[in-house]
Amino acid sequence: MLQLNRLQAAVGETPLIRLNRLSAETRCEILGKAEFLNPGGSIKDRAALAMMASAESAGLLRPGSLVVEGTAGNTGAALALYGKPRGYGFLFFVPDCVSQAKIDLLQALGAKVTVVPHVHPDHPEHFQRLARRAAGAPHAWWVDQFDNLANQEAHYGGTAPELWRDCQGRLDAVVAAVGSGGTLAGLSRYFQEHAPSVRIICADPMGAAMWSWFKHGHLDFADGESVAEGVGQRRVTVNVARARVDEAYRIADAEAVAMLHRLREEEGLFLGLSAAMNVAAAVRDARINGPGRRIVAILCDGGARYSATIHNPSWLAARGLPTSFTA
């Protein structure tokens with residue numbers, strides 16, 4: 001049996017899972033890239049390792065450093081998981097819309113967590129702005145995942161070539177939502193250079209700005225709200241600015257939650273809402289553009305961190321969202 005000499009060696013090389021019922025319905029092959037199988041439970045493992053490695057190479061991180069970041073949970077969890085053995089401390093600013101399970105996880109991993117109101121990115125008390133100010137302390141490093149280009153490099157050098165290899169050069173489209181923008185940007189750069197016929201699709205929740213940006217070139221996001229965590233960017237980050245996107249779809253919470261239930265009941269996949277958004281966008285694209293194509297949706301994280309929210313029927317019912325799967 002293969003033995004890995006350290007945990008981070010297990011990051012990446014995630015499998016593609018065929019979504020059988022959805023593939024049969026659309027007569028396209030709908031595949032999910034199972035990023036929830038990374039050791040830290042999400043696609044953010046890739047970015048966290050890449051950003052820490054870049055900072056270490058630049059001399060910004062050394063044992064005893066304080067890693068400071070604004071996070072919706074998954075990036076912070078990955079940073080703490082892989083950074084603790086390197087001798088780093090952690091201070092995270094988390095918006096109050098994040099599930100308690102994620103906050104508990106960050107604290108269990110040894111991070112100091114400050115929960116702050118969820119405000120617009122331009123607000124001086126936005127969680128990322130607070131992190132930037134806190135990183136002015138001695139021996140502190142601000143990760144800045146939204147504008148840190150090492151974020152997208154993790155996907156340009158890892159996620160994208162894995163997809164192309166595992167699809168054996170037959171791939172028509174890839175779907176990813178935007179949190180920091182690193183996944184979408186890294187994927188788009190790779191395929192633009194190596195296989196420009198592969199379409200890059202953005203899945204965006206209501207109230208976010210990326211659909212408006214990619215479709216219309218402006219940031220008009222006054223069209224509702226979403227319960228999705230970690231996705232739904234309202235500004236053009238440095239990572240987003242590097243992305244080439246061929247199509248963008250608005251995915252309302254009700255559609256995403258309905259897909260969440262389907263994936264759990266029909267495919268045995270217990271996922272987060274951003275993963276369900278990506279699958280919903282893949283299905284929509286399949287239905288619009290016809291059969292015979294292969295589309296990959298990024299399955300960003302698993303459902304355990306949302307058991308009290310999007311997988312809780314009472315929580316869903318209170319927000320008028322579907323509480324179960326109806327065939």
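The following paragraphs lead through the packing of helices and nonpolar cores in this predicted model.

A useful place to begin is the pair formed by helix 10, which spans residues 253–267, and helix 11, which spans residues 273–289; their axes lie 8 Å apart and enclose an angle of about 95°. Since angles from 65 to 115 degrees count as roughly perpendicular, helix 10 and helix 11 are therefore roughly perpendicular to each other. By class, the contact of helix 10 with helix 11 comprises eleven nonpolar residues, three charged residues and no polar ones. From helix 10 the participants are Asp253, Glu255, Ala256, Val257, Met259, Leu260 and Leu263, and they meet Leu273, Ala276, Met277, Val279, Ala280, Val283 and Arg284 in helix 11.

Several of these names return when one turns to the largest nonpolar core, which has 40 residues and in which Ile251, Met259, Leu263, Leu271, Met277 and Val279 have the most contacts. Two or more residues of this core come from each of strand 2 (29–34), strand 7 (173–177), strand 8 (199–205), strand 9 (247–251), helix 10, helix 11, strand 10 (294–299) and helix 12 (313–318). Helix 11, with ten residues, gives the most to this core. The surroundings of leucine 263 can be followed in detail: leaving aside residues up to four places away in sequence, leucine 263 touches Leu19, Leu22, Gly268, Leu269, Leu271, Ala276 and Val279. Separate from this core is a second one of 30 residues, which includes Cys167, Val174, Phe191 and Ile200.

Alanine 254 also lies in helix 10. Its relative accessible area is 37%, and because buried means under 20% and exposed means over 50%, alanine 254 is partly exposed. Apart from residues up to four places away in sequence, alanine 254 touches Leu321 and Pro322. The C-alpha atoms of alanine 254 and serine 226 are separated by 9.6 Å, with the two residues 28 residues apart along the chain.

Elsewhere in the chain, helix 2 (residues 44–57) has 14 residues and reaches 20 Å from its first C-alpha to its last, which is close to the 20 Å expected at 1.5 Å a residue. Within helix 2 the buried residues are Lys44, Asp45, Arg46, Ala47, Ala48, Leu49, Met51, Met52 and Ala55. The buried residues of helix 2 pack against strand 2, helix 3 (74–83), strand 6 (140–142) and helix 6 (149–166), and strand 2 is also among the elements that contribute to the largest nonpolar core. Following helix 2 comes glycine 59, which has a positive phi near 80°.

Methods:
Residues numbered from 1 in each chain as written. Predicted model: local features only at pLDDT ≥ 70, side-chain atom pairs only at ≥ 80, totals over all residues. Heavy atoms only, no water. Axes fitted to C-alpha atoms, helices over the stretch in contact; angles between N-to-C directions. Helix = DSSP H or I, 4+ residues; strand = E, 2+ residues; numbered from the N terminus. Parallel < 35°, antiparallel > 145°, perpendicular 65-115°, else oblique. Contact = heavy atoms within 4.5 Å. Nonpolar A, V, L, I, M, F, W, Y, C, P; charged D, E, K, R; others polar. Core = buried A, V, L, I, M, F, W, Y, C linked by side-chain atoms within 4.5 Å. Buried < 20%, exposed > 50% of the residue type's maximum accessible area, 1.4 Å probe, protein only. Expected span 1.5 Å × (residues − 1).
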